[in-house]
Amino acid sequence: MTFATPFKRLLLSAALAVGLATTAHAADLQPLRVANQKSTIKALLEASGETNNVPYTIQWSEFPSASPLGEALNAGAVDVGALGDAPYVFALGAGAALKVVRIIHAEGRNTTALVVPKDSPIKTAADLKGKKIVTGRGSIGHYLAIKALADAGLTSQDVQFIFLLPAESRLVLDNGTVDAWATWDPYTTVVTSQSHARVLVSGKQLLSNHLYFAATSQAIADKRPQLEDFVARVDRAYAWANTHPEEYAAAQAKITGLPLAVHIEVAKDTHLSPVAIDDSVIRGLQATADTYQKEGLLPRHIDVSQGFDKRFNATRTPNDQASR
């Protein structure tokens, strides 16, 4: 009994020492510079509560589309950002020293789609020969169009591509300037619900519909604890979105300016889940790169296996270990 009080004091001192050390370590963590495309990731993390109690500073940089986001990663201006299959291939093709540290799969009705006006005489992808297709250059929509054409025995030389941003793309589809639009949600939902466009080809069976969180090699070397924590928060945030579609939709609507009903429809129809970085995923992205090279959009062969870091598979945090 005579040792009880000193022992308690020893435990308290040790606990305080650990707490101070942890605080000092957190304070020493460098900021994580996150590339954000139209605030989507930021809005998701904020709505899910995953921006609370972060032991380092998240510095957000906003980009209007995937192409400039990939360029920022390539330049080392940001540490990590999310890209679809095609934009990530182009980033690697530009020589970016990037590694995928997390993959999120989107399972939905029309996550990506090739759409035509409701009264269009075009019934199959084969009917697109000689037609005009609008999409974003190097976007996932661009890749979907190429895949759809290939499945119909056509190439990109058999059509005329018009490269525009989504808002402009919808306008030229609606006014008849182009014959088809290769795009992704929420735009597929917008154009099918508001303009009553018809889905000609769904990307559900043609594409992986993966979102790749890619980090620079420098960030992986210097900021690994921050990256591990960040991708765990991303996992939990997407799990939250699956069970809170209305709240997630409301957060997105504030950013995009699109009708809340559109985002609710998309959120309820889409299931988002992390997938492991494995050989099948790498083979799938290699097929994307090979397709772009065949089409002449990439000047050389790219070994995409160099653009993945399987070590981050081991850092996945169970969804119930919320940080908020």
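**Salt bridges, helix packing and local environments in the predicted model**

Arg-102 and Asp-235 are joined by a salt bridge in which the closest N and O atoms lie 3.0 Å apart. Because Arg-102 belongs to strand β4 (residues 98-107) and Asp-235 to helix α9 (residues 224-243), this pair ties together parts that are 133 residues apart in sequence. Both partners, Arg-102 and Asp-235, are buried. The coordinates analysed here are those of a predicted model, and the search of the whole structure returned 12 salt bridges.

Helix α9 also holds a salt bridge between two of its own residues. The side chains of Arg-224 and Glu-228 meet with an N to O distance of 2.8 Å. Arg-224 and Glu-228 are 4 residues apart in helix α9, so about one helical turn separates them. Glu-228 is partly exposed, its relative accessible area being 26%. A further salt bridge links Arg-311 with Asp-309, at 2.7 Å from N to O. Asp-309 has a relative accessibility of 6%; because the cut-off for burial is under 20%, Asp-309 counts as buried. In addition, Glu-50, Asp-229, Arg-233 and Arg-236 form one network, joined by salt bridges that share partners.

At the level of the whole chain, 12 helices and 11 strands were assigned. Of the 324 residues in the chain, 47% are buried. Among contacts between residues at least 6 apart in sequence, 81% join residues at least 24 apart.

The packing of two helices was examined next. Two packed helices are described by the angle between their axes and the distance between the axes. For helix α4 (residues 85-93) and helix α12 (residues 279-294), the axes come within 10 Å and cross at roughly 70°. Since angles of 65 to 115 degrees count as roughly perpendicular, α4 and α12 are therefore roughly perpendicular to each other. The crossing of α4 past α12 is right-handed. On the α4 side, the contact is made by Asp-85, Ala-86, Tyr-88, Val-89 and Phe-90, while α12 contributes Leu-285, Thr-288, Ala-289 and Tyr-292. By residue class, the contact of α4 with α12 comprises 7 nonpolar residues, 1 polar residue and 1 charged residue.

Tyr-292, one of the α12 residues in that contact, also touches His-142. His-142 is located in helix α5 (residues 140-151) and, with a relative accessibility of 2%, counts as buried. When residues up to four places away in sequence are not counted, His-142 touches Thr-135, Gly-136 and Arg-137, together with Phe-161, Phe-163, Tyr-292 and Leu-297.

A second local environment was analysed around Thr-111. This residue, Thr-111, is found in the loop between β4 and β5 (112-116), and strand β4 is the element that also contains Arg-102. At a relative accessibility of 15%, Thr-111 counts as buried. Thr-111 and Asp-185 are 74 residues apart in sequence, yet their C-alpha atoms are 5.1 Å apart in space. With neighbours within four places in sequence left aside, Thr-111 is in contact with Ala-106, Trp-184, Asp-185 and Asn-209. Asp-185 is thus among the contact partners of Thr-111.

Terms used: Residues are numbered from 1 along each chain as its sequence is written. This is a predicted model: local features need pLDDT of at least 70, side-chain atom pairs count only at pLDDT 80 or more; totals for chains, interfaces and linings use all residues. Side-chain values use heavy atoms; hydrogens and water are left out. A salt bridge is a side-chain nitrogen of Lys or Arg within 4 Å of a carboxyl oxygen of Asp or Glu. Helices (H or I, at least four residues) and strands (E, at least two) are DSSP runs, numbered from the N terminus. Buried means under 20% relative accessible area, exposed over 50%, partly exposed in between (1.4 Å probe, protein chains only). Contact means heavy atoms within 4.5 Å. Axes are lines fitted to C-alpha atoms, for helices over the stretch in contact, and angles run from 0 to 180 degrees between N-to-C directions. Angles under 35 degrees count as roughly parallel, over 145 as roughly antiparallel, 65 to 115 as roughly perpendicular and the rest as oblique. A crossing is left-handed if the near helix is turned anticlockwise from the far one by less than a right angle, and right-handed if clockwise. Ala, Val, Leu, Ile, Met, Phe, Trp, Tyr, Cys and Pro count as nonpolar, Asp, Glu, Lys and Arg as charged, and the others, Gly among them, as polar.
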